Amino acid sequence: MKELSVGILGVGRYSPERRLTNRDLEQMVDTSDEWIVTRTGIRERRIAAPHEATSDLACAAAVRALDAAGVAAEEVDLIIVATITPDMFFPSTACLVQDRLGARNAAAFDVSAACSGFIYALASASGMIAAGMYRNALVIGAECLSRVTDYSDRNTCILFGDGAGAAVLGPVPAGRGFRSFVLGADGSGGELLKLPGGGSRIPASAESVAQRLHFMKMNGREVFKFAVRVMGNAAEEALHKAGLTKEDIDLLIPHQANIRIIQSALERLGLPEEKCVVNVDRYGNISAASIPVALAEAVEDGRVREGDRLVLVGFGGGLTWGASVLIW
Ligand code: UT7
């Protein structure tokens with residue numbers, strides 16, 4: 001039996017209104033606009049309103065993606081939300097989204113792979129569709145990182161923001177769609193980026209709150225080294241699996257964590273900046289939402305044309321990484 005081609009039928013994104021600028025952060029911690037811009041490329045991030053949680057951001061992006069795809073909520077068979085900031089432990093954010101959208105025919109679950117989560121979720125949904133289990137899947141990357149960011153820690157608080165991006169997956173003509181996936185993990189590096197409190201190891205207590213264990217902790221320098229190594233490797237491996245070379249890339253859509261990490265990936269792949277989507281200056285690092293938001297912006301801006309060869313690549317806590325080659 002010939003395997004079905006699976007691709008993206010429509011994308012959507014949502015960013016909260018409120019902007020947190022580098023100038024704002026200068027009032028909160030010992031930092032400067034100049035330090036943040038030169039070390040990270042970030043100028044501002046979006047912050048969810050007090051009444052907004054991750055599922056709200058996810059739904060807003062999902063509605064736009066369904067509309068762009070021309071797929072009704074009842075036609076969705078599967079919803080996967082990639083997030084490390086779910087509304088709550090359970091029910092999953094995907095179940096909350098399913099209910100709100102009225103996607104009553106869809107199975108729903110969350111994926112936890114930090115900033116690589118969207119690629120992990122795409123691979124899962126694409127595999128299930130290709131296997132004939134489902135026809136239409138809604139894959140969402142959504143985060144409210146501001147809720148787990150320690151705004152007294154200058155090592156992390158300058159980096160993260162909130163947002164959501166979504167893609168509707170379904171059958172596409174042969175030769176189009178996803179050509180390869182590469183997923184990887186190295187759990188031995190889990191200590192480098194984590195949120196220690198609130199799980200079964202350190203349940204929430206007055207003490208855990210006082211010790212600020214419900215906020216993200218990061219060894220930035222080590223994560224940086226890992227990111228630089230893995231971005232190039234994963235992208236090259238995905239190209240190889242797809243039977244393509246670096247010269248074939250029309251557009252690179254990397255995880256938006258730090259402009260210097262993106263630049264090193266461009267160098268490794270021998271790509272000019274015009275072939276790369278960059279929005280880290282406007283959103284900071286929005287973890288699982290970063291790649292789908294960048295993809296949706298590129299589509300809106302007319303930067304993605306039919307037949308273009310896209311490479312999506314990301315890395316994150318876990319440690320994890322993922323890459324995919326996609327013919328639009
Ligand atoms: O999606 C995955 C999530 N994580 C990442 O992608 C993070 C990857 N890592 C990075 O992006 C970078 O490592 C950072 C942007 C986090 C830090 O940049 P760096 O060039 O690696 O700086 P550093 O950690 O080596 O720190 C250099 C100096 C230190 O001072 P000393 O020890 O040299 O005196 C820091 O204390 O910069 C200091 N520093 C700051 N100064 C002003 C650290 N954060 C700040 C800050 N403002 N916000």
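This briefing describes the surroundings of the ligand and a few backbone features in the structure above. The model is predicted. In it, the ligand sits in the second largest pocket, and the shell around the ligand takes at least three residues from each of domain 1 (6-175) and domain 2 (178-327). Away from the ligand description, the backbone is treated through two cis peptide bonds, one at Phe-90 and Pro-91 and one at Gly-318 and Leu-319, and through a positive phi at Arg-212.

**Make-up of the shell around the ligand**

- There are 21 residues around the ligand, and those that come nearest are Thr-31, Arg-39, Cys-115, Arg-221 and Asn-258.
- Sorted by class, the shell consists of nine nonpolar, seven polar and five charged residues.
- Helix 8 provides the largest share of the shell, namely four residues.
- The elements that contribute two or more residues to the shell are helix 2 (33-40), helix 6 (154-157) and helix 8 (220-241).

**Polar contacts and burial of the ligand**

- Arg-221, which is listed among the residues that come nearest to the ligand, places a polar side-chain atom 2.7 Å from an oxygen atom of the ligand.
- At Gly-220 the partner is a polar backbone atom, which lies 3.0 Å from a nitrogen atom of the ligand.
- The side chain of Trp-35 has an N or O atom that is 3.4 Å from a nitrogen atom of the ligand.
- The ligand, taken alone, exposes 940 Å², and the protein buries 77% of that area.

**Cis peptide bonds**

- The peptide bond that joins Phe-90 and Pro-91 is cis, with omega at about 0 degrees, and Pro-91 is placed in the loop between strand 4 (78-82) and helix 4 (93-101).
- A cis peptide bond also runs from Gly-318 to Leu-319, where omega is near -10 degrees; Leu-319 belongs to the loop between strand 12 (309-316) and strand 13 (320-327).

**Positive phi**

- Arg-212, a residue other than glycine, has a positive phi value near 60 degrees, and its place is in the loop that lies between helix 7 (206-210) and strand 10 (217-218).

Technical notes
Residues numbered from 1 in each chain as written. Predicted model: local features only at pLDDT ≥ 70, side-chain atom pairs only at ≥ 80, totals over all residues. Heavy atoms only, no water. Near = heavy atom within 4 Å. Polar contact = N/O pair within 3.5 Å; in protein donor to acceptor, adjacent residues only side chain to side chain. Areas by Shrake-Rupley, 256 points an atom, 1.4 Å probe, with all protein chains shown as cover. 1 Å grid on protein atoms, 1.4 Å probe; cavity = no way out; pocket = protein on both sides within 12 Å on 5 of 7 lines; lining within 4 Å. Sits in = over half its atoms within 2 Å of the grid points. Nonpolar A, V, L, I, M, F, W, Y, C, P; charged D, E, K, R; others polar. Domains from an automatic or database assignment.
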